[in-house]
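Me: Could you pick one part of this protein and take me through it closely, residue by residue where that helps? I'd also be glad of a few other spots to compare notes on afterwards.

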Amino acid sequence: MIFENKYIQQRIEKAKILKDAGYNPYANDSQRNTTIEKYLNVNSDIAETENKRDEKRHYIVSGRIKFLRIMGKASFVKIEDESGMLQIYVSRDNLPEGFYNTIFKKNIEVGDIIEVGGFPFVTGQGELSLHVDSFKLLTKAIAPLPEKFHGVTDKEIRYRKRYLDLIMNAEVRKTFQIRSRVISLTRRFFEDKGFLEVETPMMHPIAGGANAKPFVTHHNALGVDRYLRIAPELYLKRLIVGGFEAVFEINRNFRNEGMDATHNPEFTSIEFYWAYKTYKDLIEITKEYFQYLFEHLNLPTLLPYGDLEVNFNNFQEIPLIESLTTIGGVPADITKDKEKIIAYLNEKGITVKPGMNLGQLQGELFDEFVEEKLIDPTFITEYPVEISPLARRSDEHPEITERFELFIAGREIANAFSELNDPIDQLSRFEGQMAAKESGDDEAHEMDSDFVEALSYGMAPTAGQGIGIDRLVMLLTNEHSIRDVLLFPAMKPLTQENVEEE
């Protein structure tokens with residue numbers, strides 16, 4: 001039974017006592033007229049007055065009881081709302097006769113949500129507080145709050161019961177407030193640049209737009225399977241074909257893949273597409289975007305991240321093949337030879353999947369020897385065409401694409417390229433991806449003949465980019481697990497075994 005705990009039973013009984021005494025334990029007539037933050041700011045001058053109190057001022061505040069020290073005739077209580085914490089002073093003589101001893105002392109507890117009215121004063125210890133002259137219970141909490149919950153105690157409970165984490169840890173709330181601001185600022189930045197926000201389907205007939213394993217669902221009315229989107233890219237580019245010149249979508253994507261510190265099965269990103277631009281233009285707008293975020297979030301450009309310090313005044317740009325040697329330490333004569341790469345990886349104890357082509361092997365070298373060394377913001381450019389099925393080939397070097405990925409603090413934050421708008425080349429790329437899928441690559445791109453047909457009507461030269469919002473928020477809030485920036489991360493189902501573990 002969900003409420004069989006004896007402490008919960010005791011609180012349920014107290015709720016009944018309150019109701020029987022004429023006090024609704026779940027009242028819905030709040031009269032709050034200020035937040036705690038505003039109260040503290042408006043009354044900050046009280047400490048400078050002679051009496052350190054002003055009974056002519058009157059405020060009504062509400063919040064959850066976080067601390068309760070009951071004494072004989074008076075008590076100190078600390079309540080918290082979304083904006084902050086406030087100490088209140090509850091005295092027997094300032095409340096209706098009998099209320100303090102029979103109602104307050106016996107039935108009000110930590111966790112309850114209350115509303116109090118009173119005037120500002122400063123205690124002998126110098127703390128601005130509220131002297132209570134009216135008291136109302138708004139919500140009786142029948143489940144007691146954890147006693148030692150603050151900080152890093154049980155991560156599993158924090159993620160499964162995020163509401164408890166938010167109640168007990170103001171810093172966690174701050175992280176998600178910053179996340180909300182990042183999304184809002186992102187929207188404003190691109191709108192101010194003239195981009196149009198659009199919405200595209202989340203259930204796709206083809207899992208397209210990225211190399212990833214999809215979730216599959218079934219559409220009963222149509223009698224067909226659908227894939228939760230792994231990326232909105234192909235739909236957004238259809239809009240460029242249709243005549244829009246700058247579009248963006250802040251979107252949820254779903255990938256049926258592994259979970260670790262930087263991967264969750266559903267994640268948020270922004271993708272934007274810009275006609276008559278190239279990936280070089282995207283490098284510049286990305287720098288502007290970060291500058292915009294840092295200014296509006298009031299963050300230092302020398303940003304701490306764990307033991308690292310990321311210098312956002314030091315954006316760098318380097319081709320992928322060059323990075324293998326200059327950053328990864330891979331001998332230059334190896335980087336363009338398939339057999340030599342395989343031998344090199346084997347020497348380093350790295351297992352190579354059978355059938356990998358040259359571009360995939362170069363990508364493997366990058367993943368193993370370069371990525372984690374990219375601390376300051378670094379645009380890695382000129383990706384092999386084999387691992388860039390939707391990117392435009394370089395006119396001068398057709399074996400590479402006009403693409404970059406942005407890495408910060410050893411992690412990928414963004415992926416961008418000049419878009420492939422040649423329908424014949426796109427069809428050939430899809431056919432190559434289908435061959436890879438038949439050879440066992442379950443993340444290879446599906447054939448999307450409708451998208452190829454759309455390109456055949458002509459898509460203006462376009463550049464497109466995706467930025468991972470979750471990883472970006474991790475970076476800006478100095479969090480090192482994606483679960484700490486997702487309000488409700490994916491978790492394994494509760495069983496008796498992992499209940500005992502928790």
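Reply: Happy to! Let's begin where helix α10 ends: the helix is followed by Gly349, whose phi is positive, near 80 degrees. Please keep in mind that this is a predicted model.

Now step back into the helix itself. α10 covers residues 338–347, and its buried residues are Ile341, Tyr344 and Leu345. Looking down the axis of α10, you would find these buried residues within an arc of 95 degrees, so they line one face of the helix. What sits on the face turned away from that buried side of α10? There you meet the exposed residues Glu339 and Glu347. Glu339 also appears at the start of the helix, where its backbone nitrogen has a side-chain oxygen of Asp337 within 3.1 Å.

Next comes the partner of the buried face. The buried residues of α10 pack against α11, residues 358–369. As for the geometry of the pair, the axes of α10 and α11 come within 10 Å and cross at roughly 35 degrees. The crossing in which α10 passes α11 is left-handed. On the α10 side, the residues that take part are Lys338, Ile341, Ile342, Tyr344 and Leu345. They meet Leu358, Leu361, Gln362, Glu364, Leu365 and Phe369 of α11. By character, the residues of this contact between α10 and α11 divide into eight nonpolar, one polar and two charged. Ile341, Tyr344 and Leu345, the buried residues of α10, are thus among the residues that meet α11.

Another helix can be read in the same order. Helix α13, residues 449–456, has Phe451, Val452, Ala454 and Leu455 as its buried residues. Those residues cover an arc of only 155 degrees around the axis, which puts them on the same side of α13. The buried residues of α13 pack against α7 (233–241) and α12 (423–438). After α13 comes Gly458, with a positive phi near 100 degrees.

Two single residues are worth a visit as well. Ser269 has its place in strand β11, residues 266–275. Is Ser269 buried or exposed? Its relative accessible area is 6%, and the cut-off for buried is under 20%, so Ser269 counts as buried. The side chain of Ser269 makes a polar contact with the side chain of Asn253, at 3.0 Å. Leaving out residues up to four places away in sequence, Ser269 touches Glu249, Ile250, Asn251, Asn253, Ile467, Gly468 and Ile469.

The other residue is Gly111, in the loop between α3 (99–107) and β4 (113–122). With a relative accessible area of 1%, Gly111 is buried. Gly111 touches Arg64, Ile65, Ala141 and Leu145, again not counting residues up to four places away in sequence. From C-alpha to C-alpha, Gly111 and Ile167 are 9.1 Å apart in space, while 56 residues separate them in sequence.

Finally, here is the setting for these close-ups. The protein has 15 helices and 18 strands, and along its principal axes the C-alpha trace spans about 85 × 55 × 50 Å. Of its 502 residues, 47% are buried. Among the contacts with a separation of 6 or more, 66% are between residues 24 or more positions apart.

Note on methods. Residues are numbered from 1 along each chain as its sequence is written. This is a predicted model: local features need pLDDT of at least 70, side-chain atom pairs count only at pLDDT 80 or more; totals for chains, interfaces and linings use all residues. Side-chain values use heavy atoms; hydrogens and water are left out. Buried means under 20% relative accessible area, exposed over 50%, partly exposed in between (1.4 Å probe, protein chains only). Helices (H or I, at least four residues) and strands (E, at least two) are DSSP runs, numbered from the N terminus. The arc is that of the directions from the helix axis to the C-beta atoms. Contact means heavy atoms within 4.5 Å. A polar contact is a pair of N or O atoms within 3.5 Å; within protein, one must be able to donate a hydrogen and the other to accept it, and residues adjacent in sequence count only if both atoms are side-chain atoms. Axes are lines fitted to C-alpha atoms, for helices over the stretch in contact, and angles run from 0 to 180 degrees between N-to-C directions. A crossing is left-handed if the near helix is turned anticlockwise from the far one by less than a right angle, and right-handed if clockwise. Ala, Val, Leu, Ile, Met, Phe, Trp, Tyr, Cys and Pro count as nonpolar, Asp, Glu, Lys and Arg as charged, and the others, Gly among them, as polar.
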